[in-house]
Amino acid sequence: MNLLTVLLQAPGAGPNGSLMWIMLIAMFVIMYFFMIRPQNKKQKEIANFRKSLQVNQKVITAGGIHGVIKEINDDHIVLEIAANVKIKIDKNSIFADASSASQQPAK
């Protein structure tokens with residue numbers, strides 16, 4: 001009987017529910033400005049870089065292979081990694097070469 005009376009009792013007055021919603025919204029806003037927005041900005045920069053690829057440009061693949069672009073197609077590029085050694089790489093795995101990026105003026 002003691003357990004039954006405990007289960008049937010009305011819950012006590014808790015903290016204000018609107019305060020919980022304000023904190024939840026504040027946490028989402030903080031996450032947006034510190035995590036989601038910078039990541040979207042970085043993805044747009046990478047997409048713009050991949051659209052502006054040019055022949056004879058130095059790049060690095062996602063696997064860490066350094067090379068020079070010799071041919072650009074819709075979904076892949078041909079990358080020369082040594083004298084007369086060419087490989088076909090997916091465009092999504094190409095990143096800017098750090099040495100060429102440091103030579104460009106900062107915005």
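**Exercise 1. The setting of His76**

Determine whether His76 is buried or exposed in this predicted model, and describe which residues surround it.

*Solution.* Begin with accessibility: His76 has a relative accessible area of 18%, and since the limit for a buried residue is under 20%, His76 counts as buried. Next, place the residue in the fold, where His76 belongs to strand S3, which covers residues 76–82. Then turn to the polar partners of the side chain: a polar contact of 2.8 Å links it to the side chain of Asn73, and another, of 2.9 Å, links it to the side chain of Asp75. Finally, setting aside residues up to four places away in sequence, His76 touches Lys88, Ile89, Asp90 and Lys91.

**Exercise 2. The nonpolar core**

Identify which residues make up the largest nonpolar core, and trace what Ile69 contacts beyond its sequence neighbours.

*Solution.* The largest nonpolar core consists of eight residues, namely Phe49, Leu53, Val59, Ile69, Ile77, Leu79, Ile89 and Ile94. Taking Ile69 as the point of departure and leaving out neighbours within four places in sequence, one finds contacts with Leu53, Gln54, Val55, Asn56, Gln57, Val59, Ile77, Val78 and Leu79. For the wider context, 17% of the 107 residues of the chain count as buried, and the elements follow the order α-α-β-β-β-β-β-α along the sequence.

**Exercise 3. A salt bridge between strands**

Work out how many salt bridges the structure holds and which parts of the chain Lys70 and Glu80 tie together.

*Solution.* The structure holds one salt bridge, in which the side chains of Lys70 and Glu80 meet at 3.4 Å, N to O. Because Lys70 lies in strand S2 (residues 66–72) and Glu80 in strand S3, the pair ties together parts that are 10 residues apart in sequence. As for its exposure, Lys70 is partly exposed, at 32% relative accessibility.

**Exercise 4. A nonpolar surface patch**

Establish which residues form a nonpolar patch on the surface, and examine Val29 as one of its members.

*Solution.* The patch is formed by Ile25, Phe28, Val29, Ile30, Met31, Tyr32, Phe33, Phe34, Met35 and Ile36, which together have about 1,000 Å² of accessible area. Val29 sits in helix H2, which spans residues 17–51, and with a relative accessible area of 37% it is partly exposed. For the chain as a whole, the accessible surface comes to about 8,900 Å², and 62% of this belongs to carbon and sulfur atoms.

**Exercise 5. Loop residues**

Locate Asn56, Asn84 and Ala62 in the fold, and describe the phi angles of Asn56 and Asn84.

*Solution.* Asn56 is in the loop between H2 and S1, where it counts as exposed at 53% relative accessibility; its phi is positive, about 70 degrees, although it is not a glycine. Asn84 occupies the loop between S3 and strand S4 (85–90) and is exposed, with a relative accessible area of 73%; here too phi is positive in a residue other than glycine, with a value near 60 degrees. Ala62 lies in the loop between strand S1 (58–61) and S2, and its relative accessible area of 57% makes it exposed. Although Ala62 and Asn92 are 30 residues apart in sequence, their C-alpha atoms are 8.6 Å apart in space, and Ala62 touches Ser93 and Phe95 when residues up to four places away are not counted.

Note on methods:
Residues numbered from 1 in each chain as written. Predicted model: local features only at pLDDT ≥ 70, side-chain atom pairs only at ≥ 80, totals over all residues. Heavy atoms only, no water. Patch = residues over 30% accessible without salt bridge, like charges linked within 9 Å, V, L, I, M, F, W, Y side chains within 5 Å. Areas by Shrake-Rupley, 256 points an atom, 1.4 Å probe, with all protein chains shown as cover. Salt bridge = Lys/Arg side-chain N within 4 Å of Asp/Glu carboxyl O. Helix = DSSP H or I, 4+ residues; strand = E, 2+ residues; numbered from the N terminus. Buried < 20%, exposed > 50% of the residue type's maximum accessible area, 1.4 Å probe, protein only. Polar contact = N/O pair within 3.5 Å; in protein donor to acceptor, adjacent residues only side chain to side chain. Contact = heavy atoms within 4.5 Å. Core = buried A, V, L, I, M, F, W, Y, C linked by side-chain atoms within 4.5 Å.
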